[in-house]
Amino acid sequence: MNVLVLAGTGDGHSVAQAVRATGRVVIESVAGRTAAARRSAGDGVRVGGFGGADGLAQWLREHAIGAVVDATHPFARQMTTNAVEACARVGVPLARWVRPSWLRRPESLGWLCVPDHAAAVRAAAGHGRVLLTVGRQELAAYRALPDVIARVTEPAAGWVTPPGWELLIARGPFDRVSERDLMAERGVRVLVTKDSGGATTEAKLDAAAALGVQVVMITRPPDPEGIPRFSDHEAIARWIAEVDTGSQHERSVRPQV
Ligand code: NAP
């Protein structure tokens with residue numbers, strides 16, 4: 001059975017590897033926003049959009065895909081919506097890979113949790129220097145804040161850093177010591193981030209808790225309902241096996257025409 005893994009994150013890649021280890025043919029798909037993602041093309045990895053839900057539905061048919069795992073980032077809402085629509089239309093089973101939320105951390109009770117970037121700007125304003133880790137696509141929403149260290153993996157095309165800001169180019173994983181040093185040495189008072197979950201960028205939350213830095217957390221958009229959700233590789237592998245068995249059974253009982 002051919003399996004499409006919608007990826008674009010470290011998690012997505014590890015999910016694709018786990019499904020590959022079950023012996024299925026896996027195509028890992030990335031949007032290709034970053035130079036690193038574009039370089040990953042080939043060897044089971046395709047790069048670039050499908051052309052909306054219509055394009056994805058057609059691609060699923062053309063490549064005889066038997067199952068789709070949506071392992072995109074929790075904030076990549078458009079791709080998730082397109083996957084739900086395309087899979088329903090073509091009749092391909094879809095599962096969602098879920099990174100555990102950071103809201104399970106005990107100190108989250110002291111965070112300012114907000115639904116979007118506009119609310120995050122309001123929550124962060126007036127509290128001193130901000131460390132902003134919301135991704136390069138969203139930086140423009142924060143221009144009204146005067147004193148910001150914005151950390152991104154690579155600058156967005158055409159981005160002009162406002163006066164009073166510093167653009168810090170760095171790619172995780174980050175450890176507790178370096179995060180603590182960054183916040184303490186640079187006088188960071190507020191951390192603005194989004195509930196991406198996962199371990200590779202979680203150390204900033206440990207550092208903020210240790211230093212008493214106020215966290216402004218943008219909460220996740222809700223996931224679509226009715227889609228099976230998994231957070232461990234073995235459970236995904238079992239789901240793939242069930243789907244595969246079901247589709248073989250369906251083929252064996254389908255009347256010959
Ligand atoms: P998005 O808004 O949900 O998607 C916008 C469009 O990008 C989609 O409609 C699709 O184009 C294309 N696309 C997205 N993910 C794709 C994939 N895995 N394979 C092929 N095409 C894809 O996504 P986004 O927030 O811009 O994020 C883009 C990618 O970066 C995602 O794969 C995501 O996992 C990763 N990422 C996102 C964030 C974040 O904070 N949003 C953080 C880290 C990594 P078509 O309509 O043409 O198919």
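Start at Q78: a polar atom of its backbone sits 3.0 Å from an oxygen atom of the ligand. Now select the ligand alone. Its exposed area on its own is 800 Å², and the protein buries 79% of that. Keep in mind that this is a predicted model.

Step back to R77. Here a backbone N or O atom is 3.4 Å from an oxygen atom of the ligand. Next, show the side chain of R33. One of its N or O atoms lies 2.9 Å from a ligand oxygen atom.

Now select the whole shell. It holds 23 residues around the ligand. Label the closest: S29, F50, H73, M79 and K194. Colour the shell by residue class. You should find seven nonpolar residues, 12 polar and four charged.

Switch to the cartoon view. Which elements each supply at least two residues of the shell? Pick strand 2 (25-30) and helix 4 (77-90). Helix 4 gives the most, with four residues.

Last stop: the cysteines. Select C87. Is C87 buried or exposed? C87 has a relative accessibility of 3%, and because the cut-off for buried is under 20%, C87 counts as buried. Move on to C113. At 42% relative accessibility, C113 counts as partly exposed, because that class runs between the 20% and 50% cut-offs. Finish with a search for disulfides across the whole structure: there are zero.

Note on methods: Residues numbered from 1 in each chain as written. Predicted model: local features only at pLDDT ≥ 70, side-chain atom pairs only at ≥ 80, totals over all residues. Heavy atoms only, no water. Near = heavy atom within 4 Å. Polar contact = N/O pair within 3.5 Å; in protein donor to acceptor, adjacent residues only side chain to side chain. Areas by Shrake-Rupley, 256 points an atom, 1.4 Å probe, with all protein chains shown as cover. Nonpolar A, V, L, I, M, F, W, Y, C, P; charged D, E, K, R; others polar. Disulfide = S-S within 2.5 Å. Buried < 20%, exposed > 50% of the residue type's maximum accessible area, 1.4 Å probe, protein only.
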